[in-house]
Structure formats: C-alpha cells, structure tokens
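Work through the exercises below with the sequence and the model open beside you. Try each task before you read its solution.

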Amino acid sequence: MDKILVIGACGQLGTELTLKLRELFGTENVIASDLREAADLIKDGPFESLDVMNKEALDALIAKHQITQIYHLAAILSAKGEQNPKFAWDLNMTSLLNVLEAGKNGVSKIYWPSSIAVFGPGTPKTKTPQNTVMDPNTVYGISKLAGERWCEWYHQKHGVDVRSIRYPGLIGYKAQPGGGTTDYAVDIFWKAILEGNYDCFLKEDSLLPMMYMDDAVKATIDIMQADAQQVKVRSSYNVSAISFSPAMIYDEIVKRYPDFKINYAPDFRQQIADSWPNSIDDTEARSDWQWKPDFDLKKMVDTMLDNLESILVTAK
Ligand code: NAD
Ligand code: AKB
C-alpha cells in the first residue's frame with residue numbers, strides 16, 4: 001500500500017485533493033502537511049507541520065512515514081508573487097528541488113502542479129498548444145516554467161517519476177483561494193450570496209481558462225494512476241475545461257440572484273490576466289491518459305451555488 005504525503009494540504013487545492021485521496025486510499029495512508037495549522041476539513045486524518053524549505057525536516061518526515069508518493073502543492077501564486085517576487089521565487093524553486101531530490105533518493109512517484117501562467121504575451125491566445133512560445137512575465141509564471149524544466153531534467157537524468165499538469169484557474173467551494181489572478185471566480189459566488197454585489201478586479205471581457213475543482217482533482221489522480229509509459233510529457237500537460245470572462249459568469253449567477261450587481265475595477269491583476277491564454281488545447285492529455293472534463297460553465301455555477309448556499313445557511 002502506498003503512503004502518500006500532501007505538502008501544502010491546507011490550501012485551496014490541497015484541502016480537496018487530500019479529502020479525495022483519503023477516500024480512495026484510506027485516511028491513515030494520506031499524511032497531510034502544511035506550514036499552517038490543519039484545516040478543519042482534513043483534521044480527522046494524520047497531519048504534520050512541515051516547512052518544505054527545510055530539506056532535513058522533509059527527509060525526516062518521509063522516513064518516519066515511509067512515504068512512497070508526494071503531492072507537492074505549496075507555492076506562492078501569481079498575484080501574491082508579484083508583491084513579493086524574491087520570496088515567491090525562493091519558495092517555488094527551492095521547495096520543488098527538495099521534493100525532486102527526495103524522488104532521486106527513493107520516493108517512487110511525485111506530483112507537482114504547473115499553471116497556465118507559464119504562457120505569456122507572445123503565446124498564441126486561443127487554443128494554446130502544448131508546445132509553443134512561452135514568455136511568462138510574472139515571477140510565478142517564470143518559476144512554473146523553470147519548475148517544468150527541472151521536472152523533465154530529473155526524469156531524464158535520474159529516472160524520477162514526476163508528473164505534472166498546467167492547471168487553469170481552479171474553482172471550488174470547500175477552501176478559499178490563496179492569492180491568484182483567477183481568485184475572482186471564487187470570490188464572486190460568496191459576494192453574490194452574502195452581499196448582493198461584487199467589485200471585480202478584472203475587466204468584464206477578460207476571458208481565461210478555468211476548471212471546477214472536481215475536474216482538477218480527477219485529472220490529478222488520473223495522471224498519477226496512469227501507467228508510466230502513458231505519461232509521455234514529463235514537463236507538464238495542458239488540460240482544459242471551461243473558458244469564461246467575469247461578464248459570462250455574472251450572467252450565469254444573475255439567473256438565480258436577479259438583484260446581484262457587479263462593478264468592474266481592474267487593478268494590477270488585469271495585466272497578468274491579459275498575458276495569459278483565452279483557451280487551451282489539451283489534445284496530448286486527452287490522448288495519452290484519456291483526460292476529459294465533466295463540468296461546463298452552467299454545471300459549475302449550479303454546483304457552486306447549491307453547495308455554498310447550504311454551507312452558508314447551515315452556518316447562520
Ligand atoms: P494555496 O495558496 O491555496 O495553498 C498553498 C499551501 O501551501 C498553503 O496552505 C500554504 O500554507 C502552504 N505553504 C506555503 N508555504 C509552505 C511551506 N514553506 N511549507 C509547507 N507548506 C507551505 O495554493 P493552491 O491554490 O492550493 O495551489 C496549489 C498548487 O496548485 C500550487 O502549486 C499552485 O501553483 C498550483 N495551481 C493552482 C491553481 C489555482 O487556481 N488554485 C492554478 C494553477 C496551479
Ligand atoms: C493564479 O491565478 O495565480 C492561479 C493560476 C492560474 O495558476 N490560479
């Protein structure tokens with residue numbers, strides 16, 4: 001039986017991924033870890049405090065639990081990264097190298113997420129292909145592109161079985177987003193239900209690739225479960241689900257909340273959004289390990305509203 005370590009387990013993705021991994025592989029086999037205290041949703045299983053920058057502490061944890069697989073999710077995302085570039089670079093790079101070294105020294109499988117932030121202003125915007133111009137202009141994007149190259153290098157030179165996906169913006173209701181440019185697409189639901197109006201930090205027509213969390217978790221587990229020969233791309237795979245703009249998601253939410261108002265007040269994150277693709281071509285993921293999303297815009301909005309309504313009503 002595999003022993004799985006999730007690093008950054010209290011974040012937006014980590015919370016939901018840990019829950020799913022525990023459901024599939026047994027709570028006792030999935031060790032959650034983070035700098036922060038254990039999030040409520042994952043408190044019922046094993047949890048370890050870990051600063052992944054501390055390589056000795058990481059190696060000791062791996063030895064203590066005889067870890068065979070790592071999901072390394074800790075990172076500083078695009079918006080926060082621009083506010084503290086040196087810190088973002090140090091965390092995103094050093095933590096990945098610490099984990100890849102663990103792969104060289106015996107951990108048999110590693111998952112590390114990349115992002116659509118690896119693309120930049122020179123990248124074709126529509127149906128962005130797997131292999132294309134990559135000129136990211138955020139520290140976050142630069143760190144993800146460098147990380148992709150390190151993953152491929154460790155795979156080629158040291159046989160490390162590392163697998164990766166370039167997620168678009170992720171949308172879920174169980175945990176709050178942690179400082180990205182696509183965070184508006186989560187915030188908007190809370191504001192629609194709780195306040196009836198939302199100040200959006202992107203322009204109404206900023207079309208970006210997005211994905212409902214269940215699809216992201218499914219893609220992550222699918223690529224990790226695939227046979228090693230199926231995983232032909234060892235940098236990171238494009239995956240695609242939905243593309244929408246603030247105006248498009250507003251139009252869907254307003255069907256259920258007719259009095260909901262939105263105001264557009266673009267800030268520094270607009271420039272980041274403008275540098276990213278509108279949509280992604282994920283032909284390779286579909287053909288190599290049979291990736292296919294389940295959620296379109298309507299299904300995602302209905303699911304978010306149904307779940308948040310019941311959480312917020314229960315909390316009252
Ligand atoms: P998040 O910011 O919500 O969570 C990151 C977690 O890492 C936090 O709980 C934080 O406490 C933890 N962490 C930070 N520094 C740490 C350290 N030194 N040691 C241990 N833990 C530390 O991020 P997320 O949205 O869950 O993203 C997870 C991963 O997925 C990241 O690599 C991110 O780049 C990638 N990704 C996310 C999205 C998205 O839309 N959420 C999109 C593309 C890629
Ligand atoms: C961000 O906006 O920084 C993230 C991402 C797309 O990587 N959600």
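**Exercise 1: Ligand 2**

A polar side-chain atom of Ser 115 and an oxygen atom of ligand 2 are 2.7 Å apart. The model is predicted: local features need pLDDT of at least 70 and side-chain atom pairs pLDDT 80 or more, while totals for chains, interfaces and linings use all residues. Residues are numbered from 1 along each chain as its sequence is written, chains are lettered from A and ligands numbered from 1 in the order in which they are written, and side-chain values use heavy atoms, without hydrogens and water.

Task: Find which residues surround ligand 2, and list polar contacts to ligand 2 (pairs of N or O atoms within 3.5 Å; within protein, one must be able to donate a hydrogen and the other to accept it, and residues adjacent in sequence count only if both atoms are side-chain atoms).

Solution.
- Step 1. Take the residues near the ligand, meaning those with a heavy atom within 4 Å of it. They are Leu 77, Ser 78, Ser 115, Ile 116, Tyr 140, Gly 180, Thr 181, Thr 182 and Trp 276.
- Step 2. Look at the backbone: an N or O atom of Thr 181 lies 2.7 Å from an oxygen atom of ligand 2.
- Step 3. Look at the side chains: besides Ser 115, Thr 182 has an N or O atom 2.8 Å from a nitrogen atom of ligand 2.

**Exercise 2: Ligand 1**

Task: Which residues come nearest to ligand 1?

Solution.
- Step 1. Of 28 residues around ligand 1, the nearest are Gln 12, Leu 13, Asp 34, Tyr 140 and Leu 170.
- Step 2. Check Tyr 140: an N or O atom in its side chain is 2.6 Å from an oxygen atom of ligand 1.
- Step 3. Add Arg 36, whose side chain has an N or O atom 3.1 Å from an oxygen atom of ligand 1.
- Step 4. Add the backbone: an N or O atom of Val 52 lies 3.0 Å from a nitrogen atom of ligand 1.

**Exercise 3: The two domains**

Task: How much area do domain 1 and domain 2 bury between them?

Solution.
- Step 1. Set the bounds, which come from an automatic or database domain assignment: domain 1 is 4–169 + 212–238, and domain 2 is 170–210 + 241–280 + 296–315.
- Step 2. Count the residues in contact (heavy atoms within 4.5 Å): 31 from domain 1 and 29 from domain 2.
- Step 3. Take the buried area, the accessible area (1.4 Å probe) that two parts lose on being put together, summed over both. The domains bury about 2,700 Å², 62% of it on carbon and sulfur atoms.
- Step 4. Gln 12, Gly 169 and Tyr 212 supply 29% of the area that domain 1 buries against domain 2, more than any other three residues.
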